[in-house]
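Work through the exercises below with the sequence and the model open side by side. Each one has a task sentence and a stepwise solution.

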Amino acid sequence: MLNIVLFGPPGAGKGTQSQKLIEKYNLIHLSTGDLLRSEIAAGSELGLKAKSLMDSGLLVPDEVVIGMIANKVKEHTHASGFIFDGFPRTVPQAQSLDKLLQDNGTEITAMLALKVDDEELTKRLLLRGQTSGRPDDQNEELIRKRVQEYNTKTTPVADFYAGQGKFFAVDGIGEIDEIFDQLCQHIDSLKQ
Ligand code: AMP
């Protein structure tokens, strides 16, 4: 199996690149942000609990996202692989994911990180907010909070995978197709 963690701050282009990668490598896309927004849209209890945290730019509890991912991985036991987008965002989430994949006889192949500076991120997210309808994209203060959550809680996840020799970084500023090619080069070198 090819299991990729697509890593990077909010607005780095993870969603865009995920769409291209799932097509090329026939992978299942698992985005915890999308799964949480579906729960909110469905008005579920989980969605209601997550909404206030998401609207404040804060992370939802680890056990909530781990549970959602575990269910989805179990639903797709015959998949050729997964792209994890927006997950894991904390070291305990990364540890749980390792355990979950191990129990399913597989493992993370690589973490691919999209590098984008804070100024560019704010610009991109405010622009996305004009069309995405996402309340967390429409307020500069909230965007800063999300980037701050990323810098404090999520950055250590890169060290976690670097410690396993699985961390690769790519410049996330430039043409979408050029960034995609660089991601593919890393993946193809790992598949050989
Ligand atoms: P995203 O669509 O990935 O930018 O996520 C939107 C929001 O959902 C985040 O700001 C968090 O509040 C929440 N969220 C998404 N994924 C996670 C995760 N892995 N751990 C905790 N909170 C998450």
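The exercises deal with the ligand of this predicted model and with its pockets.

**Exercise 1.** Describe the shell of residues around the ligand.

Solution.
1. The ligand is surrounded by 16 residues, and the closest include Thr32, Arg37 and Gln93.
2. Sorted by class, this shell holds 7 nonpolar, 4 polar and 5 charged residues.
3. Helix H2 (residues 32-42) gives the most to the shell, with 4 residues.

**Exercise 2.** Find side-chain N or O atoms that lie within 3.5 Å of a nitrogen or oxygen atom of the ligand.

Solution.
1. The side chain of Thr32 places an N or O atom 2.8 Å from a ligand nitrogen.
2. For Arg89, a polar side-chain atom is 3.0 Å from a nitrogen atom of the ligand.
3. For Arg134, the partner is a ligand oxygen, at 3.3 Å from a side-chain N or O atom.
4. On its own the ligand has 470 Å² of accessible area, and the protein covers 96% of this.

**Exercise 3.** Which pocket does the ligand take up, and which residues line that space?

Solution.
1. The ligand takes the space of the largest pocket.
2. This pocket contains about 940 Å³ of space.
3. It is lined by 47 residues, and among those closest to its centre are Lys14, Arg89 and Arg134.
4. The lining divides into 19 nonpolar, 17 polar and 11 charged residues.

**Exercise 4.** Describe the second largest pocket.

Solution.
1. Its space is about 170 Å³.
2. Of its 15 lining residues, Phe7, Pro9 and Tyr150 are among the closest to the centre.
3. H7 gives the most to this lining, with 5 residues.
4. By class, the lining has 10 nonpolar, 3 polar and 2 charged residues.

Notes: Residues numbered from 1 in each chain as written. Predicted model: local features only at pLDDT ≥ 70, side-chain atom pairs only at ≥ 80, totals over all residues. Heavy atoms only, no water. Near = heavy atom within 4 Å. Polar contact = N/O pair within 3.5 Å; in protein donor to acceptor, adjacent residues only side chain to side chain. Areas by Shrake-Rupley, 256 points an atom, 1.4 Å probe, with all protein chains shown as cover. 1 Å grid on protein atoms, 1.4 Å probe; cavity = no way out; pocket = protein on both sides within 12 Å on 5 of 7 lines; lining within 4 Å. Sits in = over half its atoms within 2 Å of the grid points. Helix = DSSP H or I, 4+ residues; strand = E, 2+ residues; numbered from the N terminus. Nonpolar A, V, L, I, M, F, W, Y, C, P; charged D, E, K, R; others polar. Points joined across faces, edges and corners; volume = space filled by probe spheres on them.
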